[in-house]
Amino acid sequence: MLRLRTENQGSRRTERGEMMENPTILIVDDHTVNLTMLNELLSPHYAMRACKSGEAALRNIAIEPIPDLILLDILMPGMDGYETLEQIKQNPVAKEIPVIFISGLDSSLDEEKGFQLGAVDYITKPFVAAIVLKRVKVHLDLKKARDQLVSQNEWLEQEVARRVRENTIIQDITLSMISQLAETRDADTAHHITRTQAYMKILAERMKQIPKYTDFLQEKTIRRMVKAAPLHDIGKIGIPDHILLKPGKLTEQEFETMKHHVIIGGDAIRNAIKQVMEVNDLVREEFKPLSLLFLEEAETIARFHHEKWDGTGYPSGLKGEEIPLAARLMALADVFDAVTTPRVYKSIWTMRQASEMIIRQKGKHFDPDVVEAFQTEQDSFQKVLREITDEG
């Protein structure tokens with residue numbers, strides 16, 4: 001490699017007196033006279049480096065600073081310009097460097113081949129100073145614009161990611177506060193929300209292995225379901241204390257009041273979505289922010305998690321796959337946690353008792369596919385039950 005130095009190499013001052021780096025140009029030509037001519041022409045404006053072979057050029061392009069532009073001779077011994085350009089384009093570090101061929105050839109066929117390989121322009125010999133300077137400047141300006149655009153896009157992507165993370169954190173904190181507020185109404189279920197979230201995730205991850213659910217249960221869908229799960233009993237905020245906190249069995253009338261919590265919760269979430277849409281002038285459904293999708297999932301779970309597979313549940317008496325999948329998952333997770341954790345009105349069931357009850361309810365209370373997922377993941381359920389305790 002030849003490093004051509006001039007007093008202007010490396011950096012220059014702007015009109016404001018600020019220092020800025022000169023673009024670096026790599027010349028590749030086996031004739032010293034050509035290297036000298038191009039260096040004398042370009043060095044007052046740019047930092048110059050030179051090589052006498054394609055092999056040397058491939059080694060040179062990885063040296064900092066990476067060249068901003070390459071002037072590449074076509075006819076060289078050994079590796080010619082075409083082969084050198086092919087190799088450059090295969091190098092992740094160098095493939096975006098613009099390459100201008102320099103040649104004494106005057107053939108449209110040769111030009112076509114060069115452009116097909118990725119060259120951006122041709123400069124023919126003998127060199128005309130004004131043409132060389134103009135074409136070099138044009139392609140350096142284009143590269144600078146592309147680099148700035150890439151840099152701006154990267155910054156925008158990082159900024160969007162940062163804001164999404166911030167919004168997600170705020171959303172999660174708000175969700176946590178609301179969920180904990182609901183929990184304070186029922187002291188017997190301190191970690192009910194955390195456990196049911198874990199059970200939902202276990203069931204969904206297992207069910208996505210069933211072919212008919214694979215396409216639907218993508219990672220983002222599972223994440224949305226799990227995130228929405230804590231709001232499943234938000235409607236209990238609207239249930240009177242003498243019913244919600246009653247230590248004994250509810251009367252028929254009290255139970256009818258308790259059942260209304262699914263309507264209270266579903267309507268509250270639906271009204272919240274509607275208000276957000278109206279306040280932000282999002283009158284058309286297609287303009288709905290993705291951030292609201294998890295609330296729609298939460299509404300579905302809150303409203304329908306007490307439906308039963310055989311149609312005997314509430315509030316709508318939905319049957320089978322009429323019941324949204326997220327609600328079917330929560331139905332099992334909710335019941336399992338209720339029977340395996342302390343309540344003032346009942347004793348704790350063992351894992352075996354809970355499992356036997358759920359299996360008996362296959363095709364009755366619970367979706368058969370969800371029950372089979374539970375049977376496969378019983379060890380995972382037991383691990384959650386053991387690790388997330390109300391005493392912890």
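**Briefing: helix packing, cis peptide bonds and an internal cavity**

In this predicted model, helix α6 (residues 192-207) packs against helix α13 (residues 325-340) at an angle of about 130°, and the two axes lie 9 Å apart. Helix α13 also meets helix α14 (residues 351-360), where the axes come within 10 Å. Two cis peptide bonds are described below, one from Glu64 to Pro65 and one from Tyr314 to Pro315. The structure further holds one cavity of 30 Å³ or more.

**Packing of α6 with α13**

- The angle of about 130° falls outside the ranges for roughly parallel, perpendicular or antiparallel axes, and α6 and α13 are therefore oblique to each other.
- The crossing in which α6 passes α13 is right-handed.
- From α6, the contact draws on His192, Arg195, Thr196, Tyr199, Met200, Leu203, Ala204 and Met207.
- From α13, the partners are Leu325, Ala326, Leu329, Met330, Leu332, Ala333, Asp334, Phe336 and Asp337.
- By class, the residues of this contact comprise twelve nonpolar, two polar and three charged.

**Packing of α13 with α14**

- The axes of α13 and α14 cross at roughly 145°, and α13 passes α14 in a right-handed crossing.
- On the α13 side, Leu332, Val335, Phe336, Val339 and Thr340 take part.
- These residues meet Met351, Ala354, Met357 and Ile358 of α14.
- The contact of α13 with α14 contains eight nonpolar residues, one polar residue and no charged residues.
- Leu332 and Phe336 of α13 are listed both in the contact with α6 and in the contact with α14.

**Cis peptide bonds**

- Most peptide bonds are trans.
- The bond that joins Glu64 and Pro65 is cis, with omega at about -5°.
- Pro65 is placed in the loop between α2 (54-60) and β5 (69-73).
- A cis bond also leads from Tyr314 to Pro315, and its omega is near 10°.
- Pro315 belongs to the loop between α12 (293-304) and α13, the helix that packs against α6 and α14.

**Internal cavity**

- The largest cavity encloses about 50 Å³ of space.
- Its lining consists of Glu307, Trp309, Ile323, Arg328, Ala331, His365, Phe366 and Asp367.
- Four of the lining residues are nonpolar, one is polar and three are charged.
- Among the lining residues, Arg328 and Ala331 fall within the span of α13, residues 325-340.

Notes
Residues numbered from 1 in each chain as written. Predicted model: local features only at pLDDT ≥ 70, side-chain atom pairs only at ≥ 80, totals over all residues. Heavy atoms only, no water. Axes fitted to C-alpha atoms, helices over the stretch in contact; angles between N-to-C directions. Helix = DSSP H or I, 4+ residues; strand = E, 2+ residues; numbered from the N terminus. Parallel < 35°, antiparallel > 145°, perpendicular 65-115°, else oblique. Left-handed = near helix turned anticlockwise from the far one by under 90°. Contact = heavy atoms within 4.5 Å. Nonpolar A, V, L, I, M, F, W, Y, C, P; charged D, E, K, R; others polar. 1 Å grid on protein atoms, 1.4 Å probe; cavity = no way out; pocket = protein on both sides within 12 Å on 5 of 7 lines; lining within 4 Å. Points joined across faces, edges and corners; volume = space filled by probe spheres on them.
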